[in-house]
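Let's take a walk through a protein together, starting with its rings and ending with one of its helices. Please keep the sequence and the 3D view open as you read.

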Amino acid sequence: MGPVPRFPDKSFERTFRITRSMVETLVTHLAKKHSFWRQTVCRAGKPTICPYVKFLMGMKMLCYGVSGNAFVDYFQMGESTTRRCVSNLTKGIVCCSALANQYLRKPTKSDVRNIVAMHERVHKIPGMMGSLDVTKVHWKNCPTAWKGQFQGREKVMSIGLEAWSITIYGSGMLPLDFRAL
């Protein structure tokens, strides 16, 4: 993102699982609606975190289903900022009519036919649009440093194991359903 990209387009898409042009389009729409997605200068006179970095952080957290701590080294961002990235990203896509109409619309009959046909070709299972299987496993030997990240309401360290296959019309990248968040 920026005048001289660090990644060629193919590497960018492989790393972030979204095209560079789609990121630019989404961030542009989000910036029109909320100042969080604009590059500004803080009170100390330093530039704030780049909107593209905030966007990619939010997408990584949503797509991989992990806490912001998993990408702290990569994105150099605090935990509260990572939470704001996800919150503002989901609210922004739901509230921005241009994005909501494109990515949160119900599939048309032809969309459904195409998705089912693609799943039949790829997974060899006829009549399937997508599948999700999650199981929660208690993690007896969880490292002490990770206990806060993996401790749930039951005060027991556990980890959710996911196996999923889904096709999202429009982008191929957005998480299962923003409306559920």
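In this predicted model, the count of aromatic pairs comes to four. One of them joins Phe-36 and Trp-37, whose ring centres are 5.0 Å apart. Their planes meet at 90°, which makes the pair edge-to-face. Are these two residues buried or exposed? Phe-36 has a relative accessible area of 5% and Trp-37 has one of 2%. Buried means under 20%, so Phe-36 counts as buried, and so does Trp-37. Ring pairs also bring in Phe-55, giving a cluster of Phe-36, Trp-37 and Phe-55.

Rings can have charged company too. Lys-54 lies over the face of Phe-36, 4.2 Å from the ring centre. Elsewhere, the charged end of Arg-20 sits over the ring of Phe-12, at 4.6 Å from its centre.

Now follow Phe-55 inward. In soluble globular proteins, nonpolar side chains tend to be buried together. Here the largest nonpolar core has 29 residues, and those touching the most other members are Ile-18, Phe-55, Leu-56 and Leu-89. Helices α1 (9-16), α2 (20-33), α3 (51-64), α5 (79-95) and α6 (97-103) each give this core at least two residues. Which residues does Phe-55 contact, leaving aside neighbours within four places in sequence? They are Ile-18, Val-23, Leu-26, Val-27, Leu-30, Trp-37 and Leu-89.

Trp-37 has another partner to look for: Asn-88, found in helix α5. Asn-88 touches His-34, Phe-36 and Trp-37, not counting residues up to four places away in sequence. With a relative accessibility of 13%, Asn-88 counts as buried.

Finally, turn to helix α1, home of three buried residues: Ser-11, Phe-12 and Phe-16. Why do they line one face of the helix? Seen down the axis of α1, the buried residues fall within an arc of 105°, so they line one face. A general rule of helices is useful here: an α-helix has 3.6 residues a turn, so residues three or four places apart point the same way. The buried residues of α1 pack against α2, α3 and α4 (72-75). On the other side of α1, Lys-10 and Arg-14 are exposed. After α1 comes Arg-17, which has a positive phi, near 60°.

Terms used. Residues are numbered from 1 along each chain as its sequence is written. This is a predicted model: local features need pLDDT of at least 70, side-chain atom pairs count only at pLDDT 80 or more; totals for chains, interfaces and linings use all residues. Side-chain values use heavy atoms; hydrogens and water are left out. Rings of Phe, Tyr and Trp (its six-membered ring) pair if their centres lie within 6.5 Å; planes under 30 degrees apart count as stacked, over 60 as edge-to-face and the rest as tilted. Buried means under 20% relative accessible area, exposed over 50%, partly exposed in between (1.4 Å probe, protein chains only). A charge sits over a ring if NZ of Lys or CZ of Arg is within 6 Å of the ring centre and within 35 degrees of the ring normal. A nonpolar core is a set of buried Ala, Val, Leu, Ile, Met, Phe, Trp, Tyr and Cys residues joined through side-chain atoms within 4.5 Å. Helices (H or I, at least four residues) and strands (E, at least two) are DSSP runs, numbered from the N terminus. Contact means heavy atoms within 4.5 Å. The arc is that of the directions from the helix axis to the C-beta atoms.
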